[in-house]
Amino acid sequence: MADEKDVLIVGGGPAGLAAAEAAASQGARTLVLERQNEIGYPVHTSGGSWISDMKALAVPEHLYHPVAKVIFVSPQREVVLRYPTPVACVVDVRGLYQHLAGRAVAAGAQVRVRHTVEKVIVEDGRVAGVSVKNHVSERFNIRAAVTIDASGVARHIGVRTDMGAAFRRYGYGAEYDLYAPNYPQDELFLIMGSAYAPRGYAWAFPRGNGRVRLGVGVLHPDCDDDARVYLDSIMHNVPQLREKLKDASPVEYHTGLFPSEGPVERFSRAGLLLAGDAGGHGSTLVGEGIRFAIYAGQMAGKVAAEAIKAGDTSGPFLERLDKRWRSRFGRDMDISYMINKHIANYSDAQWDSALDLMKRLTSAQMAQALRGDFNASLVMGILARNPGLVATGGKRFLDRMLERINKPTLASVEG
């Protein structure tokens, strides 16, 4: 048994499904291989995102839950941000993935579940497809002009084709999906501190209909802690959550990994593209991946379709993905990673100080920063509301941000 496609996508997550829709809509014969029994399960992400992006990506409103109040908690501080018009949201992860699968199929793509890639076919330095095992243990080859690795943090194809080593630094998260009848469905919590999330943060994300995702993520190898052991402590011992989670009980349990090294060096070679977590395309600032995976998948699918039409699947042609992605997201991802490394080792006292800074920012500034939309106006706005940063190590850090934005440093601005 053998098969041949224009575009073969390994991974049925948001990057792979978005790539499939983009490629198929341009007429490319497109196939998605998903190793699990169904699209969207098991859940590996908390689903936090932004309403503006959901609208830009044409995600139906019933697949995300808007949040009007964001509360930051550190050992001795609390900061509450209120938004008259909600800007953040929590997505229905399984529902969103299956929605994307439906869009891909409607565009002309095929999806096959329970198909596991066993080998990569490489001919004359070009990736030419994969060998797979299907749901009845049949083994066969699928050849393709362009293969897209959208297999997530595992990077099944990229690692096997010398597109960078396996990720060594990653966020490890565990969460309960609770039915919580007393939890306010318009409040989202982000919790920092060694008691609940060493080298990371904890969260409570409402997703509508009495459901709440309560989780914790830690960075490895920055620490050796197991995120799973903190879940029950967060559920019962965080003062701000104790009454809100009264009578709550888990109905699902999720774990997941998120690459925390920034983007890989390159996303393309002859016959191959990387998209989503496989390319390190998520934001390391707060471990946010879904919207970035969809954007990267759309880019990869479009480049693959262009290559098919041009009859050119060489490395230089497919490098269009690298150029387009870095032009749109590279700078902000660089800054996000810089911030991630800066705060990863914060002590409890430093988190308290960070929340003192947050108190002096506007809700709009905080949303812009969390979203990873960095520009000189935001940096200078932070400085204007926190002039004491000039006399501390914060000035040096803000200078580094400005350098990455290709703007003057604070010294030249002041001069």
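Which helix holds phenylalanine 329? Phenylalanine 329 belongs to helix 9 (residues 320-343); helices (H or I, at least four residues) and strands (E, at least two) are DSSP runs, numbered from the N terminus.

The model is predicted: local features need pLDDT of at least 70, side-chain atom pairs count only at pLDDT 80 or more, and totals for chains, interfaces and linings use all residues. Residues are numbered from 1 along each chain as its sequence is written, and side-chain values use heavy atoms, with hydrogens and water left out.

**View 1. Surroundings of phenylalanine 329 in helix 9.** Phenylalanine 329 has a relative accessible area of 10% and is therefore buried. Buried means under 20% relative accessible area, exposed over 50%, and partly exposed in between (1.4 Å probe, protein chains only). With neighbours within four places in sequence left aside, phenylalanine 329 touches Phe292, Tyr295 and Met299; contact means heavy atoms within 4.5 Å. Aspartate 373 is 44 residues from phenylalanine 329 along the chain, and their C-alpha atoms are 9.4 Å apart.

**View 2. The open sheet of seven strands.** The strand order is 6-5-13-14-15-12-16, with mixed pairing. Strand 6 (77-82) and strand 16 (249-259) are at the edges; each has a single partner strand, so one side of each lacks a neighbour in the sheet. From one strand to the next, the twist averages 15°. Axes are lines fitted to C-alpha atoms, for helices over the stretch in contact, and angles run from 0 to 180 degrees between N-to-C directions. Two strands pair if DSSP finds at least two bridges between them. Strands of a sheet pair through backbone hydrogen bonds, either parallel or antiparallel.

**View 3. The hairpin of strand 5 and strand 6, with helix 10.** Two residues lie between strand 5 and strand 6 in this hairpin. Strand 5 (residues 69-74) pairs with strand 6 in the antiparallel sense, over six bridges. Valine 73 has glutamate 78 of strand 6 as its bridge partner. Helix 10 (residues 348-359) packs on the sheet and touches strand 5, strand 6 and strand 13 (187-193); the directions of helix 10 and strand 6 make an angle of about 35°.

**View 4. Strand 15 and the strands paired with it.** In strand 15 (residues 211-220), 10 of the 10 residues are buried, so the strand is largely enclosed by the rest of the structure. In a regular strand the side chains alternate between the two faces of the sheet. On one side of strand 15 the buried residues are Arg211, Arg213, Gly215, Gly217 and Leu219, and on the other Val212, Leu214, Val216, Val218 and His220. Strand 12 (residues 170-179) runs antiparallel to strand 15 and is joined to it by 10 bridges. Strand 14 (residues 197-208) is also antiparallel to strand 15, with eight bridges. Valine 218 stands opposite tyrosine 172 and is the bridge partner of glycine 200. Two residues separate strand 14 and strand 15 in their hairpin, where asparagine 209 has a positive phi near 55°.

**View 5. The open sheet of three strands.** The strands lie in the order 3-7-4 and the pairing is antiparallel. Strand 3 (48-50) and strand 4 (64-67) are the edge strands, each pairing on one side only. On average, neighbouring strands of this sheet are turned by 40° against each other, direction ignored. Strand 3 and strand 7 (residues 88-91) are joined by three bridges, and tryptophan 50 has alanine 88 of strand 7 as its bridge partner.

**View 6. The largest cavity and its lining.** The search of the whole structure finds one cavity of 30 Å³ or more. On a 1 Å grid over the protein atoms alone, a cavity is a set of points where a 1.4 Å probe fits but cannot get out; lining residues have an atom within 4 Å of a point. The space in the largest cavity is about 30 Å³; grid points are joined across faces, edges and corners, and a volume is the space filled by probe spheres set on the points. Trp50, Val70, Tyr83, Val87, Ala88, Ala367 and Leu370 line the largest cavity.

**View 7. Two cis peptide bonds.** The bond from tyrosine 41 to proline 42 is cis, with omega near 0°, and proline 42 lies in the loop between strand 2 (30-34) and strand 3. The bond from histidine 220 to proline 221 is cis, with omega near 5°; proline 221 is in the loop between strand 15 and helix 5 (231-237).

Methods: 1 Å grid on protein atoms, 1.4 Å probe; cavity = no way out; pocket = protein on both sides within 12 Å on 5 of 7 lines; lining within 4 Å.
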